[in-house]
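Me: I am new to this structure and would like to understand why things in it are called what they are called. Please show it to me, and then let us take the terms one at a time.

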Protein chains: 4
Amino acid sequence: MSKYVGRCLEIVDASGLDYRLNPMGTVVEGPFDEVLGLIARCHKAVAKDCDRVSTTIKIDDRKGASGELDGKVRRVEAAVGRKLRT
Amino acid sequence: MSKYVGRCLEIVDASGLDYRLNPMGTVVEGPFDEVLGLIARCHKAVAKDCDRVSTTIKIDDRKGASGELDGKVRRVEAAVGRKLRT
Amino acid sequence: MSKYVGRCLEIVDASGLDYRLNPMGTVVEGPFDEVLGLIARCHKAVAKDCDRVSTTIKIDDRKGASGELDGKVRRVEAAVGRKLRT
Amino acid sequence: MSKYVGRCLEIVDASGLDYRLNPMGTVVEGPFDEVLGLIARCHKAVAKDCDRVSTTIKIDDRKGASGELDGKVRRVEAAVGRKLRT
């Protein structure tokens, strides 16, 4: 499994878009079409030698937002009043 | 939004289960029933003062696995051959 | 795959809760704890002879709502002004 | 909500791709790029008058598969040995 995830992360890392890898997925921030195009390239890079590929995508599209990869986590920590495990 | 996520993270943090907060969610590791019970408590803590609550859960249940919050990320980094943004 | 999905649907069908099977999942309506308990039983019925089980859950919890399995589809058809493929 | 879902279903229905609407989402079958392009058009049609849009996508990409909107449901019913609620 890590082999295929690694293949995707090479593509994400090379995209120039900001991202954070976590144990259950990768969060990418960027313009809608760029992010969707990136996901398509990752999916196809796996599909080229797998008979069946399952991809789950959750989009949070907020007008004018940026810097949210750190911003969202920071706001939750501010609400709780201390550092959390990240 | 951060107010409700913060309320959930208080509960997660107090549960004793290991977790990692990320910009789009929180990953928790533990025995199936404990994790599901924790999710239920978080959901209800939000539902008590919201008319509509949307919760998305993705379970990866692997026999005998543990330490995967760090393990999964480390194996992807090993496959890529360098540190990634986490 | 159909074997495992079939095993889950036996459990769903026997639960007494209302449900609709679709090509990518099953939608169940009922009280929060009953629905979550049902999902847990389905997951475990598959996990008992699989080393790894992936379960995705999306909860839409709306205070006082019922009859939504038909209601939601009907409201979309009303908005569009005609029958849709279901 | 039905207003926005209805707007998406107009686009899906006009796309020529086969689909099934269910209470929690819509399942579309077709070539990868066509389906992803359709989802992008739906998302943007909602985003144009909403400040924040959440879209969840689950892709099951199976080489050479077609007719699966009915096929998947039929195989589950075959596994169970009777008609199920759809």
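Reply: A good place to begin is a group of charged side chains, since D18(A), R20(A), D70(A) and R85(B) are linked in a network of salt bridges. This is a predicted model, in which local features need pLDDT of at least 70 and side-chain atom pairs count only at pLDDT 80 or more, while totals for chains, interfaces and linings use all residues. Residues are numbered from 1 along each chain as its sequence is written, chains are lettered from A and ligands numbered from 1 in the order in which they are written, and side-chain values use heavy atoms, with hydrogens and water left out.

Me: What makes the pair D18(B) and R85(A) a salt bridge?

Reply: The term asks for a side-chain nitrogen of Lys or Arg within 4 Å of a carboxyl oxygen of Asp or Glu. The closest N and O atoms of D18(B) and R85(A) are 2.6 Å apart, so the pair meets that limit. The pair also crosses between chains, from D18(B) in strand 1 (residues 18-22) of chain B to R85(A) in the segment after helix 3 of chain A; helices (H or I, at least four residues) and strands (E, at least two) are DSSP runs, numbered from the N terminus.

Me: How do you know whether D18(B) and R85(A) are buried or exposed?

Reply: Buried means under 20% relative accessible area, exposed over 50%, and partly exposed in between (1.4 Å probe, protein chains only). D18(B) has 28% and R85(A) has 37%, so each value lies in between and both residues are called partly exposed.

Me: Which accessibility classes do K83(B) and E77(B) belong to?

Reply: K83(B), at 69%, is exposed, whereas E77(B), at 10%, is buried. These two residues form a salt bridge with their closest N and O atoms 3.9 Å apart, which lies within the 4 Å limit and therefore counts. Over all chains, the structure holds 44 salt bridges.

Me: Why is the relation between chain A and chain B called a two-fold axis?

Reply: Chain A can be laid on chain B with an RMSD of 0.0 Å by a turn of 180 degrees and a shift of 0.0 Å along the axis, where copies are superposed by least squares on the C-alpha atoms of residues with pLDDT of at least 70 in both. That turn and that shift are the relation of a two-fold axis, which is why the name applies. In chain A, the C-alpha nearest the axis belongs to N22(A), 3.5 Å from it. Both copies use the same surface, as 100% of the contact residues of chain A recur in chain B.

Me: What makes up the contact between chain A and chain B, and how much area does it bury?

Reply: With contact meaning heavy atoms within 4.5 Å, 32 residues from chain A and 32 residues from chain B take part. The buried area, that is, the accessible area (1.4 Å probe) that two parts lose on being put together, summed over both, is about 3000 Å², of which carbon and sulfur atoms give 64%. In chain A, P23(A), M24(A) and R85(A) lose the most area to chain B, together 25% of what that side buries. Six salt bridges are found across this interface.

Me: How many salt bridges join chain A and chain D, and what is one of them?

Reply: The count is four salt bridges, including the one between R52(D) and D60(A), whose closest N and O atoms are 2.8 Å apart; that distance is within 4 Å, so the name holds. Here 23 residues of chain A are in contact with 23 residues of chain D, and the two chains bury about 2100 Å² between them, 44% of it on carbon and sulfur atoms.

Me: What makes D60(B) and R52(C) comparable in exposure class?

Reply: D60(B), at 26%, and R52(C), at 33%, are each partly exposed, because both values fall between 20% and 50%. Their side chains meet in a salt bridge (2.8 Å, N to O), and the pair crosses between chains, from strand 3 (residues 52-62) of chain B to strand 3 (residues 52-62) of chain C.
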